[in-house]
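Work through the exercises below with the sequence and the model in view. Each task is followed by a solution in steps.

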Amino acid sequence: MKSDCSTSAAPFRGLGGPLRSSEPVRAAPARAPAVDLLEEAADLLVVHLDFRAALETCERAWQSLANHTLPEEPAGTSLEVKCSLCVVGIQALAEMDRWQEVLSWVLQYYQVPEKLPPKVLELCILLYSKMQEPRAVLDVVGAWLQDPANQDLPEYGALAEFHVQRVLLPLGCLSEAEELVVGSAAFGEERRLDVLQAIHTARQQQKQEHSGSEEAQKPHQEGSVSHKFLSLPMLVRQLWDSAVSHFFSLPFKKSLLAALILCLLVVRFDPASPSSLPFLYKLAQLFRWIRKAASSRLYQLCIRD
């Protein structure tokens with residue numbers, strides 16, 4: 001009988017020895033379905049390499065968290081499960097070459113950037129900077145860093161430095177980086193000096209690149225300007241020669257008539273007026289002199305040939 005009693009009581013022994021009759025029997029706390037789905041998603045991602053199924057399982061786990069959160073479950077456990085689901089989902093999207101969707105996928109569950117877990121935000125920075133698209137996370141990380149509730153987190157300093165190194169410096173946002181480092185109490189004195197030195201080095205490189213591009217453009221601009229100044233007289237000379245040759249190809253009377261019509265249109269003088277006779281006489285003399293000079297030049301050219 002004793003052996004039977006001891007055997008039947010064995011399954012009810014806890015960590016503090018056998019239960020007394022006055023102690024209530026405590027049932028083991030039930031796990032949330034999202035925890036099981038998280039383990040399934042991680043198994044699909046790492047073992048089976050089924051990235052699409054892993055992502056879908058993460059989404060089902062999120063839906064389960066929204067509908068079946070257990071009241072007796074510790075709050076920290078729910079936060080850890082959500083963060084782990086995001087990590088698995090981000091890795092699945094990256095493996096399927098859908099990394100552009102990562103930020104929007106994460107924000108659909110956290111709604112605002114300020115609520116993102118530091119680990120998830122760090123993973124987003126790492127992913128987008130590796131894909132040469134740090135500007136995609138610029139506003140999101142900036143909003144997270146400016147939130148007063150996040151500034152008390154132990155991960156704040158490391159995340160701010162990671163933001164400077166991976167986002168602000170590659171984008172050339174040197175003033176914003178310097179303002180963040182100087183104005184934040186999360187940086188220790190040694191780390192602050194190191195980051196400020198990196199910002200100073202990036203600023204010097206930016207100035208050298210800017211001055212180098214200006215010097216490279218100067219000879220090109222000077223060459224184009226000098227070319228324009230050299231080609232302008234040649235163009236005027238060609239136009240003048242063309243106009244003169246066309247002018248002298250006309251009969252003398254037609255040329256004189258064309259000049260008179262031009263004067264009527266431009267100068268608006270009256271050819272029938274007595275005061276216009278001296279002008280007409282000088283104009284006729286000018287035409288005879290130009291025609292004589294052109295004829296002599298043509299004669300010289302023919303002799304040379």
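A contact means heavy atoms within 4.5 Å. This is a predicted model, in which local features need pLDDT of at least 70 and side-chain atom pairs count only at pLDDT 80 or more, while totals for chains, interfaces and linings use all residues. Residues are numbered from 1 along each chain as its sequence is written, and side-chain values use heavy atoms, with hydrogens and water left out.

**Exercise 1.** Find which residues K82 touches, leaving out residues up to four places away in sequence.

Solution.
- Locate K82 in helix α4, residues 75-95. Helices (H or I, at least four residues) and strands (E, at least two) are DSSP runs, numbered from the N terminus.
- List the contacts: K82 touches W62, L65 and Y110.
- Check the exposure: K82 is partly exposed, at 25% relative accessibility. Buried means under 20% relative accessible area, exposed over 50%, and partly exposed in between (1.4 Å probe, protein chains only).
- Take one distance: 9.1 Å separates the C-alpha atoms of K82 and L38, which are 44 residues apart along the chain.

**Exercise 2.** Describe the buried side of α9 and the face turned away from it.

Solution.
- Pick out the buried residues of α9 (residues 174-183): L174, A177, L180 and V181.
- Explain their placing: they lie on the same side of α9 because they cover an arc of only 130° around the axis. The arc is that of the directions from the helix axis to the C-beta atoms.
- Turn to the other face: the exposed residues S175, E179, V182 and G183 are carried there.

**Exercise 3.** Place L49 and Q111 in the chain, and state the phi of L49 and of Q111.

Solution.
- Recall the background: most residues other than glycine have a negative phi.
- For L49, phi is positive, near 55°. L49 sits in the loop between α2 (33-46) and α3 (51-67), and is exposed with a relative accessible area of 53%.
- For Q111, phi is also positive, about 70°. Q111 belongs to the loop between α5 (102-110) and α6 (118-130), and is exposed with a relative accessible area of 60%.

**Exercise 4.** Summarise the whole chain.

Solution.
- Count the elements: the chain has 12 helices and zero strands.
- Give the buried share: 28% of the 305 residues are buried.
- Sort the contacts: of those with a separation of 6 or more, 59% join residues 24 or more positions apart.
- Add the surface: the accessible area is about 21,300 Å², and 59% of it belongs to carbon and sulfur atoms. Such areas come from the Shrake-Rupley method with a 1.4 Å probe; for residues, only the protein chains shown count as cover.
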